[in-house]
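Q: Hey, I've just opened this one and I'm new to it. Can we walk through it together?

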Amino acid sequence: MTDYLFSRHPLENFLVISAALFVLGVYTIITRRNAVSILMGVELVLNAANVNFVAFSQYMPGAGIHGSMFSIFVILLAAAEAAVALAIVIGIYQNFGRVDVDQADLMKE
Amino acid sequence: MELEKLVWLIPLLPIFGFAVNLFFGRFLPRIAVNVIACGAVLGSMILSWVAFGYVRHHAHDPGFEGLISAGLPWISVPGTESAWGKVLAEHRLVIDQLTAVMILVVTNVGFLIHLYSTGYMADDKRHSRYFSYLNLFTGFMLILVMASNLLLMFVGWEGVGLCSYLLIGFWFEKNENAAAGMKAFVVNRIGDFGFTVGVLWLFFYLGSEFQVWTLDFREIGRTIAAHHDAILPSVMTGVGILLFVGATGKSAQLPLYTWLPDAMAGPTPVSALIHAATMVTAGVYMVARMNFVYAMSPTAMTVVAVVGGLTALFAGTIGVAQNDIKKVLAYSTVSQLGFMFMGVGVGAYAAGIFHLMTHAFFKGCLFLGSGSVIHGMGGEQDIRKMGGLKKYMPITFWTFLIASLAISGFPLLAGFWSKDEILWKAFDAHDLKIPGPVIWSMGIIAAGFTAFYMTRLVVLTFFGEPRYAKAEEHHDAHGGHGHGHGTPHESPWSMTVPLIVLAFLSVFGGFIGMGAWTGLSNVFEGWLAPVFGGHGAEPHKVPPMEYVMVAVSVIVGLGGILLGLKVYLWDKGRAAEAFAQKARPLYELVRDKYRVDELYNAVAIEPLLATNEMLGRVDNIVVDGAVNGAASVSAAVSNRTGYFDNEVVDGLVNGAATATQTAGRAARRLQTGHIRQYLTTALIGGLFVIAAFCLWLNRAAFQGFLGLN
C-alpha cells in the first residue's frame with residue numbers, strides 16, 4: 001500500500017501537503033484567541049513536520065527508518081505536550097473563567 | 001591497691017565529697033548530704049591513721065623519707081633525666097613525720113567539726129553547699145600539708161584561701177559578711193604575693209647557682225645541706241622573710257592579721273575549722289617545713305620570732321576588751337599563733353608544731369563550745385548579755401571550762417606543756433640577733449593576758465546572774481535557727497560529742513610532748529626529729545633555769561586566772577568598770593583593737609582610693625581628651641570622605657542604576673503579554689531570515705536580475 005502510494009507520487013507532492021498543513025497550523029495559532037484552538041494549530045504544525053520526516057525517509061537513499069522513528073517521537077511528544085498544555089488551559093480557565101489567551105497577561109506588570 | 005596510690009585518697013575523698021554535694025546535694029535529703037560529707041572526711045581520717053602507722057613502722061629504716069605517693073609530672077622541660085624530660089614540679093604527696101601529725105590533726109579535728117556542723121547547720125537553707133565547701137576546705141588543707149613540692153603546696157595554700165572566702169561570706173545576705181569574706185581573701189592575697197616571690201627567688205637562686213632546678217622540699221633541703229658553705233645567708237634571709245610574709249597573711253600575724261577577727265562573720269563551725277584544723281596553721285607548717293632555709297639565716301628567724309612574740313602580746317591585750325564571744329576567741333587565736341611562730345622562730349620547730357596540735361584541740365573545743373552557746377542563746381554573741389549559763393548547758397560549760405584552762409596554761413593540761421616548751425626554748429635561744437629573754441618576756445606577758453581574758457570569758461558567759469532576759473529582742477543575729485529563745489538549752493548530741501572528745505584531748509593530748517624537765521622523754525619531739533634534723537629525743541642535762549621558767553609560767557598562768565576570777569566573779573566586774581572609767585582613752589583604744597583597721601584604712605585604703613580618683617580624673621581629662629580629639633579629627637575626615645562617597649561613588653552607582661532602569665522601561669514595551677503577537681513577530685522574523693537565506697543562496701541569479709553584473 002505504501003509502496004503504491006510512494007511510487008505513484010513524486011516527493012514534491014508530499015512537501016506541498018506538508019507546507020500547506022504547516023501554514024494552516026501557523027495561521028490557526030496566530031488568529032485564534034481560544035487556547036484550545038491554538039493547541040489544535042500546534043498539532044497541525046507538528047504533523048506537517050511528521051509528513052516531511054516520513055517523506056524524506058522514504059525518498060532519501062540510505063535514510064532507512066530514521067525519519068519514521070523521528071515521526072514516532074514527535075507523536076509521543078505531541079501527546080505529552082497536549083497533556084501538559086491542556087492542564088495549563090484548565091488552570092487558565094479556573095483563574096480567569098475563560099480560555100482567552102489574550103487575557104492571561106498578568107506577568108506583564 | 002598499694003599504699004602509695006591509696007595516699008591520694010586522703011585529699012581526694014573530701015574533694016570528691018565536695019563535688020557530689022555541690023552538684024547533687026540539692027536533690028538529696030539532708031541526711032544523705034551529712035553522710036557523704038562526714039563519710040568523706042571519716043575515710044581520709046582512717047587512711048591518715050593507716051599512713052601514720054606506716055610511717056611509725058618504717059620511721060627507723062635507713063634513708064626513710066616518708067610515705068611517698070605515686071606521682072605525675074606536672075611541669076617539665078626537655079631533658080634526658082626521665083621519660084618526661086627534666087621534671088621541675090610534680091603531683092606527688094609525701095607523708096613524713098611532720099605531715100603525719102598535720103593530717104591527723106586536720107582529719108580528726110576536721111571530722112569532729114563536720115559532725116558538729118550536722119547539728120549546727122541543720123536548718124540552714126544552703127545546707128548542702130555549706131557541707132560541700134567544708135569538704136573542699138579539708139581537701140585543700142590536706143593537699144597543702146601533703147604536697148611534696150612548693151608548687152603543689154601553693155595549690156592547697158590558695159585553695160584554703162578560696163574556701164575561707166566562700167565560708168566566711170557564707171551568709172552573704174548581710175553585707176558585712178560578704179565584706180569579711182572579701183577582706184580575708186584580699187589580705188591573704190597580699191601575703192601570697194610575698195610567698196610567691198620567695199618561692200621563685202629560691203627556685204632561681206638554687207637553679208642558677210647550683211644547677212638544681214627544683215621545687216621539691218626534700219631536694220631543696222638536700223641542696224642547701226650539700227652547699228652549706230656556698231649559699232649566701234643574705235639570700236636565705238630574703239627568701240625566709242618573703243615566705244614569712246605569706247605566712248603572716250595565712251596565719252594572721254602582724255601586720256596582716258586583721259582579716260581573722262572579721263572572719264567571725266562565718267558560721268561558728270567554720271571559725272573552728274579555720275582556727276583549729278585548717279588555714280591558719282598553714283603558715284606555721286610552712287615555716288616548719290622550710291626549716292632548712294631558716295636554719296641558714298638567724299636574721300629571718302629573729303624576724304619570725306619577734307613578729308610572733310609581738311603578735312602574741314598585741315592580740316592578747318586586745319582580747320581583754322572584747323565583748324563578742326567569738327571576737328575574744330579570734331584574738332586569742334591570733335595570739336596563740338604568735339606563740340607558734342615564736343616557737344618555730346627560735347628553732348623549736350617541734351614545740352611550735354606541738355602547740356599547733358594542742359591548740360587545735362582546745363581552740364576547736366572553745367569555738368565549738370561558743371557555737372553551742374550561740375546556738376543555745378538563739379544567736380546572741382555578746383557576753384555582756386549572757387551569764388549563768390552553766391545551769392542550762394552543763395556539757396558545754398564543762399568542756400568550755402576545760403579548754404579555757406588548757407589554753408590558759410593550767411598545769412598538766414595540754415596547753416601547759418606546749419606553751420611551756422615554747423617559752424623555755426625562747427628563753428634559751430642563743431642564735432638569734434636579739435637575746436632570747438626579750439622574746440620570752442613578750443611571750444610570758446601574753447600568756448598572762450591569755451589566762452586573764454579566758455577567765456573573764458568563762459565567768460561572764462557561764463557564771464553569775466543571767467543577763468539575757470533583756471536581750472531577747474536582739475537574738476536573730478544568725479537567724480534561721482528557729483528555736484524559742486526564752487531559756488537557753490543544751491545542744492543536740494551531734495554537737496556535744498565533738499565537744500567532749502576535744503575536751504578529752506585538751507586534757508590528755510599534752511602528755512605526748514612533756515618537757516625535758518619532767519625527766520620523761522619528749523615523745524613528740526623525738527617523733528619529729530628526723531624532719532627537723534635535731535637531736536630531739538636524746539636525754540640531755542636539764543639546766544636549773546628551766547625549772548625556774550616552768551615555775552614562772554605556772555605562776556603567771558594561775559595569777560591571770562585568779563585575777564580574772566577576782567575582777568569578774570568576786571567583784572562582779574566593778575573594778576574593771578572603774579578602771580575603764582579612769583583610763584578611758586586606753587580602754588577605748590584597746591576595745592577598738594588599737595584602731596589598726598582604721599589605720600590601714602587611712603594609710604592604705606584611703607590613699608589608694610584617692611589615687612584612684614586622681615587617676616580617674618587624669619583619665620577623664622588627658623586620656624579621654626586625647627581619645628576625643630582623635631575622634632573629632634577622624635569625624636571631620638570622615639565627613640569629607642563621606643561627601644565624596646555620596647556624591648561621586650554613589651553617583652556612579654546610581655547613574656548606572658538609572659540608565660538600566662530607563663533602558664528597562666523602554667524595553668518593557670515590547671513585552672505585551674500577548675502570545676499571538678509574539679508568535680506573529682517570531683514568524684515574520686523567521687520569514688525574513690529564510691528569505692535572506694534564500695536570497696544568499698541564489699545571490700548570483702539575483703545579482704543578474706538586478707543587472708549588477
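A: Sure, here is a tour of the two chains, a few helices and some loop residues, bearing in mind that this is a predicted model.

Q: Let's start with chain A. How many helices and strands are there in it?
A: Chain A has four helices and zero strands. Along the sequence the pattern reads α-α-α-α.

Q: Is chain A compact or spread out?
A: Spread out: its radius of gyration is 18 Å, well over the 13 Å that the globule rule gives for 109 residues, so chain A is more spread out than a compact globule. Taken along the principal axes, its C-alpha atoms fill a box of roughly 55 × 25 × 25 Å.

Q: And how much of chain A is buried?
A: Buried residues make up 15% of its 109 residues. As for contacts with a separation of 6 or more, 47% of those in chain A come from residues 24 or more positions apart.

Q: OK, over to chain B. What is it built from?
A: Chain B contains 27 helices and four strands. Its C-alpha trace spans about 160 × 70 × 55 Å along the principal axes.

Q: What's the radius of gyration there?
A: Chain B has 38 Å, while a compact globule of 709 residues would have a value near 27 Å.

Q: What share of chain B is buried?
A: 49% of the 709 residues count as buried. Contacts there often link distant parts of the sequence: among those between residues at least 6 apart, 79% join residues at least 24 apart.

Q: Where do the two chains meet?
A: Nine residues of chain B are in contact with eight residues of chain A. The chain B side of that contact has three nonpolar, five polar and one charged residues.

Q: Any helices packing across the chains?
A: Yes, α2(A), residues 11-31, packs with α26(B), residues 675-697, at an angle of about 140 degrees, and their axes are 8 Å apart.

Q: Why is that pair called oblique?
A: Roughly antiparallel would need an angle over 145 degrees, and the angle here is about 140 degrees. The two helices, α2(A) and α26(B), are therefore oblique to each other.

Q: Which residues make that contact?
A: V26(A), I29(A) and I30(A) come from α2(A), and R676(B), L679(B), T680(B) and L683(B) from α26(B). By class, the residues of the contact are five nonpolar, one polar and one charged.

Q: Now something inside chain B. How do α4(B) and α5(B) cross?
A: The axes of α4(B) (residues 97-120) and α5(B) (residues 127-146) come within 10 Å and cross at roughly 175 degrees. That makes α4(B) roughly antiparallel to α5(B).

Q: What touches what there?
A: On the α4(B) side there are T99(B), M102(B), I103(B), V106(B), G110(B), H114(B) and S117(B), and they meet L134(B), T138(B), M141(B), L142(B), V145(B) and M146(B) in α5(B). The contact has eight nonpolar, five polar and no charged residues.

Q: Switching to α17(B): is it mostly covered or mostly bare?
A: Mostly covered, with 11 of its 15 residues buried. Among the buried ones are F397(B), F400(B), I402(B), L405(B) and I407(B).

Q: What does the covering?
A: The cover includes α15, α16, α18, α19, α20 and α22 of chain B.

Q: Does its length fit its residue count?
A: Yes: at 1.5 Å a residue, the 15 residues of α17(B) (394-408) should span 21 Å, and the end C-alpha atoms are 21 Å apart, which agrees.

Q: What comes just after α17(B)?
A: G409(B), which takes a positive phi of about 85 degrees. In the loop between α17 and α18 of chain B you'll also find L412(B), whose phi is near 75 degrees, a positive value in a residue other than glycine.

Q: Why mention that?
A: Because most residues other than glycine have a negative phi. L412(B) is partly exposed, with 13 other C-beta atoms within 10 Å.

Q: Last one: what about α7(B)?
A: α7(B) (residues 175-210) has 36 residues and reaches 52 Å from its first C-alpha to its last, close to the 52 Å expected. Q211(B) follows α7(B), and its phi is positive, near 55 degrees.

Q: Is Q211(B) buried or exposed?
A: Exposed, as Q211(B) has 8 C-beta neighbours inside 10 Å. Its place is the loop between α7 and α8 of chain B.

Conventions:
Residues are numbered from 1 along each chain as its sequence is written. Chains are lettered from A and ligands numbered from 1 in the order in which they are written. This is a predicted model: local features need pLDDT of at least 70, side-chain atom pairs count only at pLDDT 80 or more; totals for chains, interfaces and linings use all residues. The radius of gyration is taken over C-alpha atoms; the globule rule is 2.2 Å times the number of residues to the power 0.38. A residue is buried if 20 or more other C-beta atoms lie within 10 Å of its own, exposed if 12 or fewer, and partly exposed in between; C-beta atoms are placed from the backbone. Two residues are in contact if their C-beta atoms, placed from the backbone, lie within 7 Å. The expected span of a helix is 1.5 Å times one less than its number of residues. Ala, Val, Leu, Ile, Met, Phe, Trp, Tyr, Cys and Pro count as nonpolar, Asp, Glu, Lys and Arg as charged, and the others, Gly among them, as polar. Axes are lines fitted to C-alpha atoms, for helices over the stretch in contact, and angles run from 0 to 180 degrees between N-to-C directions. Angles under 35 degrees count as roughly parallel, over 145 as roughly antiparallel, 65 to 115 as roughly perpendicular and the rest as oblique.
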